[in-house]
Amino acid sequence: MLLMEQAQAILEAQPFSKLVGAELELFEGGRCVISATMRDELRQHMGIAHGGVLATLADMALTFAGGAVLGPVITSELKINYIRPGNGDRLVARGEVVGHGRRQAVTRCEIYSVTDGEEKLCAAAQGTIVKIEG
């Protein structure tokens with residue numbers, strides 16, 4: 001299992017996470033919360049969060065949730081459903097483990113668009129996370 005300090009160090013070591021502005025807010029017991037402040041570089045041509053940004057936050061939340069119970073992991077598979085545009089000031093991804101064995105976990109994530117403290121669900125994802133052997 002990973003500890004909060006280890007998870008934070010992993011996030012900070014990823015240049016792409018820095019590019020997105022991802023922040024680890026919670027990491028415990030098979031759950032995590034990762035957020036990012038919206039800025040122009042994360043928007044697509046209609047001014048809403050780019051789908052790739054939502055997918056990136058989902059991937060991070062799914063993988064970190066799995067890592068909370070398995071240790072070092074990578075994403076084997078993920079699926080995302082876009083529900084409504086992410087057009088808030090901040091995006092928040094909440095991941096949790098649905099079930100796990102010794103070598104893999106099934107995780108799910110909901111991503112919210114936040115404006116003035118009001119959250120609106122904008123995407124939902126599920127993934128399979130596998131332990132890195134060696």
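## Chatting through a predicted fold

Me: What pattern do the helices and strands follow along the protein chain?
Reply: Keep in mind that this is a predicted model. Reading along the sequence, you meet the elements of the protein chain in this order. The pattern is α-α-β-β-α-β-β-β-β.

Me: How many helices and strands are there in the protein chain?
Reply: You can tally the two kinds of element separately. For the protein chain, the tally comes to three helices and six strands.

Me: Why does the radius of gyration of the protein chain agree with a compact globule?
Reply: The chain has 134 residues, and a compact globule with that many would have a radius of gyration near 14 Å. The protein chain agrees with this because its own radius of gyration is 14 Å.

Me: What box do the C-alpha atoms of the protein chain fill?
Reply: Picture a box lined up with the principal axes. The C-alpha atoms fill one of roughly 45 × 25 × 25 Å.

Me: What share of the contacts in the protein chain joins residues 24 or more positions apart?
Reply: Start with the contacts that have a separation of 6 or more. Out of those, the share from residues 24 or more positions apart is 62%.

Me: Which residues touch the most other members of the largest nonpolar core?
Reply: Of the residues in the protein chain, 42% count as buried. The largest nonpolar core holds 35 residues. Those touching the most other members are L57 and I111.

Me: Which element gives the largest share of this core?
Reply: Several elements give two or more residues to the core, including α1 (4-12), β1 (23-28), α3 (51-70) and β5 (104-115). The largest share is eleven residues, and the element they come from is α3.

Me: Which residues does L57 touch, not counting residues up to four places away in sequence?
Reply: L57 is one of the two core residues that touch the most other members. Setting aside residues up to four places away in sequence, L57 touches V20, I34, A36, L91 and A93.

Me: Is G95 buried or exposed?
Reply: G95 sits in strand β4. Buried means under 20% relative accessible area. G95 has 4% relative accessibility, so it counts as buried.

Me: Which residues is G95 in contact with, leaving aside its neighbours within four places in sequence?
Reply: G95 and I111 are 16 residues apart along the chain, and their C-alpha atoms are separated by 8.7 Å. Leave aside the neighbours within four places in sequence, and the contacts of G95 are G30, R31, C32, A61, A65, R108 and C109.

Me: What is the relative accessible area of E23?
Reply: E23 belongs to strand β1. Its contacts beyond four places in sequence include L11, V33 and R90. E23 counts as partly exposed, with a relative accessible area of 38%.

Me: What distance separates the C-alpha atoms of E23 and E12?
Reply: Along the chain, E23 and E12 are eleven residues apart. In space, their C-alpha atoms are separated by 8.9 Å.

Me: Is H45 buried or exposed?
Reply: You'll find H45 in the loop between β2 and α3. The cut-off for exposed is over 50%. H45 has a relative accessible area of 75%, so it is exposed.

Me: What distance separates the C-alpha atoms of H45 and V114?
Reply: These two residues are 69 residues apart along the chain. The separation between the C-alpha atoms of H45 and V114 is 20 Å.

Me: What is phi of D116 near?
Reply: D116 lies in the loop between β5 and β6, and at 75% relative accessibility it counts as exposed. Its phi is positive, in a residue other than glycine. The value for D116 is near 50°.

Key
Residues are numbered from 1 along each chain as its sequence is written. This is a predicted model: local features need pLDDT of at least 70, side-chain atom pairs count only at pLDDT 80 or more; totals for chains, interfaces and linings use all residues. Side-chain values use heavy atoms; hydrogens and water are left out. A nonpolar core is a set of buried Ala, Val, Leu, Ile, Met, Phe, Trp, Tyr and Cys residues joined through side-chain atoms within 4.5 Å. Buried means under 20% relative accessible area, exposed over 50%, partly exposed in between (1.4 Å probe, protein chains only). Helices (H or I, at least four residues) and strands (E, at least two) are DSSP runs, numbered from the N terminus. Contact means heavy atoms within 4.5 Å. The radius of gyration is taken over C-alpha atoms; the globule rule is 2.2 Å times the number of residues to the power 0.38.
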